[in-house]
Amino acid sequence: ARGEARGEAKGRIEALRAALIGVLEKRFNIVGPTTRRSICRIADETVLSSLLQQAIDVESMREFRTLLK
């Protein structure tokens, strides 16, 4: 049961990462490799959810990258 829960959490994290990158690509056309790596290093669902919401509102990729620091 614990392994199953960990697998589900990992799946949610991967889905959030994909959604975040997808939103950024849709809004700004390109997501550079450094930004992708930074997103892929985040393993906290709450942080990824927050970044996803913020990705909708930021004015530029530069502004978004400041949120990753």
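These are my notebook entries on helix α3, the nonpolar core and one loop residue.

I am working from a predicted model, in which local features need pLDDT of at least 70 and side-chain atom pairs count only at pLDDT 80 or more, while totals for chains, interfaces and linings use all residues. Residues are numbered from 1 along each chain as its sequence is written, and side-chain values use heavy atoms, with hydrogens and water left out.

**Helix α3.** I looked up its length first, taking helices as DSSP runs of H or I with at least four residues, numbered from the N terminus. The 13 residues of α3 (residues 45-57) should span 18 Å, the expected span being 1.5 Å times one less than the number of residues, and the end C-alpha atoms are 19 Å apart, which agrees. I then found L48, L51, L52 and A55 buried (under 20% relative accessible area, against over 50% for exposed and partly exposed in between, with a 1.4 Å probe and protein chains only). They cover an arc of only 105° around the axis, so they sit on the same side of α3; the arc is that of the directions from the helix axis to the C-beta atoms. The face turned away from this buried side carries the exposed residues T46 and D57.

**Packing.** I noted that the buried residues of α3 pack against α1 (2-28), α2 (33-41) and α4 (61-67). Leaving aside neighbours within four places in sequence, I found F64 in contact (heavy atoms within 4.5 Å) with residues including L20, L24, I39, L51 and A55.

**Loop.** I checked N29, which lies between α1 and α2, and recorded a phi near 75°, a positive value in a residue other than glycine; N29 is exposed, with a relative accessible area of 69%.

Technical notes. Helix = DSSP H or I, 4+ residues; strand = E, 2+ residues; numbered from the N terminus.
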